[in-house]
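User: Please take a close look at one part of this model, the second helix and the charged side chains that pair there and elsewhere in the chain. I would like a careful, connected account.

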Amino acid sequence: MSVERINSDENPKFTHILFIQLESQIAHATKVPGLIFLSGQTPVDKDGKLVEGGIREHTAQCIKNLGNVLRAAGSDWEKVVKVNVYLKDMDNFAAMNEVYEKLLPSPKPARTCIQAGKLPNDVDVEIEAIAAY
């Protein structure tokens, strides 16, 4: 089985433990026949800086970052089959969901949303996905 590591030039490069390391490159996704597993994306810009705003702006940035990776892997949001959302505070669910509903195409993919004890760099949201191609 072939395994391909995918990176988007539109997203920051991390040395973060949550990303897959391959020959000193950090992978935003791993592609296997038929599926792409996207690493969790946090609300940072191309330079790795936290975008301004609250949970709405942060959710939009996570979705944008995932979209960058999907394009780099030859897929798009229409082919996403599963999304996992990790919130620092479940009280932010309604605001996160408002942006999620607006930005993702219908029908929406299967989704899990949980409150996580601590997210990388203490951000308020992280989103990961699985897509077909």
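Analyst: What follows begins with the helix and then turns to the salt bridges. The model is a predicted one, and in its helix H2, which spans residues 93-103, the buried residues are Ala 95, Met 96, Asn 97, Val 99 and Tyr 100. Among the elements that cover these buried residues of H2 are helix H1 (55-72), strand S6 (80-87) and strand S7 (110-115).

Helix H2 also carries Glu 98, whose side chain meets that of Arg 56 in a salt bridge, with 3.2 Å from N to O. This pair joins distant parts of the chain, since Glu 98 lies in helix H2 and Arg 56 in helix H1, 42 residues apart. Glu 98 counts as partly exposed because its relative accessibility is 46%, and Arg 56, at 40%, is likewise partly exposed.

Searching the whole structure gives three salt bridges. Another of them brings together the side chains of Lys 88 and Asp 122, again at 3.2 Å from N to O; here Lys 88 sits in the loop between S6 and H2, while Asp 122 sits in the loop between S7 and strand S8 (125-132), 34 residues away. Lys 88 is partly exposed, with a relative accessible area of 37%, and Asp 122 is partly exposed at 39%.

Asp 122 forms a salt bridge with Lys 118 as well, where the closest N and O atoms are 3.5 Å apart, and Lys 118, at 63% relative accessibility, counts as exposed. Lys 88, Lys 118 and Asp 122 are thus linked in a network of salt bridges.

How values were computed: Residues numbered from 1 in each chain as written. Predicted model: local features only at pLDDT ≥ 70, side-chain atom pairs only at ≥ 80, totals over all residues. Heavy atoms only, no water. Buried < 20%, exposed > 50% of the residue type's maximum accessible area, 1.4 Å probe, protein only. Helix = DSSP H or I, 4+ residues; strand = E, 2+ residues; numbered from the N terminus. Contact = heavy atoms within 4.5 Å. Salt bridge = Lys/Arg side-chain N within 4 Å of Asp/Glu carboxyl O.
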